[in-house]
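The following exercises ask the reader to work through one protein model step by step. Each task is followed by a worked solution.

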Amino acid sequence: MAVPAVRRLRRFELPGGLRTKLIIPYVVLSFVTALVGIFVVMRLVAANARDVLLNQLTAAGRSVSDGLVTRERVHLDTLRRLAFTAGVPEAVANNDEAALLTLLGPLVLNDRLEVLTVVNRDGLEEKTFVLNPDGLSYSESRNVDLMGESLVADVLRGTQDALGDKFAGLRVLGSGAFLFTSAPVQDANGAIVGALLLGTRLDSLLRNLEDQSGAQVIALSPAGELVATTLTNVDEGPTALELPAAQAAALTAELLEVRTINGRRHDLLYTPLLVRQQPVGILAVVLPSDYIVSDEITSRNTFAGIFGLGTGVMILVGLVLAQQIARPILRLRDVSQSVAGGDLQQSTGVVRQDEIGELAGAFDVMTDRLRERTTEAR
């Protein structure tokens, strides 16, 4: 039964000599192992690079949201100070434009407020200060009916939400889009006599948030229409940044999309724009899809180099080991052939501290004894 098994094994023997049979399987196995390792590492590097990009987008979105919360707090502190300035409630109640200019004008100039609107009890604009684009002067307006805007109507009705009687939202004026916060103005008896609306230009606010987050920022209306962005000269037009109305209405959590902007792929992370825990629009942070591609390529090249070097070292070590195994065995073969031919003066000359050394020593002893017996026989 053993003979057929041996024959079957011989069918799978590699052609060639001992060196070939030792080296070829080792080299093939080393290459296969290296290729599998490189493939796995490349996939991990690519996946890790994508995770880094998503984490960067998420961190940028969080930074932008924190920046809006900070701005809202500044609005509230400023509105509180203005509403409680001595004489302001009386001036609002009496529609006294001169008194409002005297009382609020210096505060507006000192704090460099971008927009401040005073509204009377009927929702009619009494006075608006708007910082001009030059950043040095203000323009004024009045007598605009604002009762149709929720920012004004909710305050004048005395409506309160979970955070109190202040409200916030986005408003688009002739000079641009603004983030507004409104607060009531009350007289000495606590009766609401009007409202103050404080606004920050979204363009400047988004630029500051871009500097903080490291990503470009987009602000959309609740309907998904573009309100303001730090992206400039978008070749594809505003629709490349906007969301369809149905998709915008259903947005309650983060939404990641990949879009082409100015001929380059970008990742956009859309999130609800919450101010005072109320959705007032949609915010998006934007990063190029190849934002970390250079790092990814560097990592791939590094790992490929490491695996290539490791494979080369493995093959070199394998060649050395194969030679150390094959050389003494081939020497034994040559000596045994010489001895079989009658040359009893041969010696293997192999000195090793392993099984091959023991085999060579035993062969030399056998040759010596055979030579002695041959001499005695003669």
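**Exercise 1. The largest pocket**

Task: State the volume of the largest pocket, and determine which residues and elements line it.

Solution. Step 1: The volume of the largest pocket is about 150 Å³. Step 2: The lining consists of 13 residues, and those closest to the centre of the pocket are Phe167, Ala168, Gln278, Pro279 and Val280. Step 3: At least two lining residues come from each of helix 5 (150-156), strand 4 (167-173) and strand 11 (278-288). Step 4: Sorted by class, the lining holds 6 nonpolar, 3 polar and 4 charged residues. The model examined here and in every later exercise is a predicted one.

A general remark explains the approach: a probe the size of a water molecule, rolled over the atoms, reveals where empty space remains.

**Exercise 2. The chain as a whole**

Task: Describe the chain by its elements, its buried share, its contacts and its exposed area.

Solution. Step 1: The chain contains 9 helices and 11 strands. Step 2: It has 378 residues, of which 39% count as buried. Step 3: Consider the contacts between residues at least 6 apart in sequence; 52% of these join residues at least 24 apart. Step 4: The exposed area of the chain is about 21,000 Å², and 57% of it is supplied by carbon and sulfur atoms.

**Exercise 3. Two successive hairpins**

Task: Trace how strand 10 pairs with strand 9 and with strand 11, and examine each turn.

Solution. Step 1: Strand 9 (residues 255-261) and strand 10 (residues 264-275) run antiparallel and are joined by 7 bridges. One bridge partnership links Thr260 to Arg265 in strand 10. Step 2: These two strands make a hairpin that leaves 2 residues between them, and Asn262 in the turn has a positive phi of about 55°. Step 3: Strand 10 also pairs with strand 11, in the antiparallel sense, over 10 bridges. Here Leu268 has Val286 in strand 11 as its bridge partner. Step 4: Strand 10 and strand 11 likewise form a hairpin with 2 residues between them, and Arg276 in that turn has a positive phi of about 55°.

**Exercise 4. An enclosed strand**

Task: Explain why strand 1 is described as largely enclosed by the rest of the structure, and identify its pairing strands.

Solution. Step 1: A residue is buried when its relative accessible area is under 20%. Step 2: In strand 1 (residues 115-120), 6 of the 6 residues are buried, so the strand is largely enclosed by the rest of the structure. Step 3: Val115, Thr117 and Val119 point one way, whereas Leu116, Val118 and Asn120 point the other way, and all are buried. Step 4: Strand 1 pairs with strand 2 (residues 125-131) in the antiparallel sense over 5 bridges, and Leu116 stands opposite Phe129 of strand 2. The two strands form a hairpin with 4 residues between them, where Gly123 in the turn has a positive phi of about 85°. Step 5: Strand 1 also pairs with strand 6 (residues 192-201), in the antiparallel sense, over 6 bridges. In that pairing, Leu116 stands opposite Leu198 of strand 6.

**Exercise 5. Positive phi in two loops**

Task: Locate Asn95 and Asn233, and decide whether each is exposed or partly exposed.

Solution. Step 1: As a general rule, most residues other than glycine have a negative phi. Step 2: Asn95 is not a glycine, yet has a positive phi of about 50°. Asn95 is placed in the loop between helix 3 (88-93) and helix 4 (97-111). Its relative accessible area is 40%, so Asn95 is partly exposed. Step 3: Asn233 also has a positive phi, near 50°, and is placed in the loop between strand 8 (226-229) and helix 7 (245-249). Its relative accessible area is 67%, so Asn233 is exposed.

**Exercise 6. Two buried helix residues**

Task: Determine whether His75 and Gly318 are buried or exposed, and which residues His75 touches.

Solution. Step 1: His75 belongs to helix 2 (residues 18-83). With a relative accessible area of 1%, His75 is buried. Step 2: Leaving aside residues up to four places away in sequence, His75 touches Leu179, Phe180, Thr181, Leu198, Gly199 and Thr200. Step 3: Gly318 lies in helix 8 (residues 293-340) and counts as buried at 8% relative accessibility. Step 4: Gly318 and Ser30 are 288 residues apart in sequence, while their C-alpha atoms are 9.3 Å apart in space.

Technical notes
Residues numbered from 1 in each chain as written. Predicted model: local features only at pLDDT ≥ 70, side-chain atom pairs only at ≥ 80, totals over all residues. Heavy atoms only, no water. 1 Å grid on protein atoms, 1.4 Å probe; cavity = no way out; pocket = protein on both sides within 12 Å on 5 of 7 lines; lining within 4 Å. Points joined across faces, edges and corners; volume = space filled by probe spheres on them. Nonpolar A, V, L, I, M, F, W, Y, C, P; charged D, E, K, R; others polar. Buried < 20%, exposed > 50% of the residue type's maximum accessible area, 1.4 Å probe, protein only. Contact = heavy atoms within 4.5 Å. Areas by Shrake-Rupley, 256 points an atom, 1.4 Å probe, with all protein chains shown as cover. Pairing = 2+ DSSP bridges.
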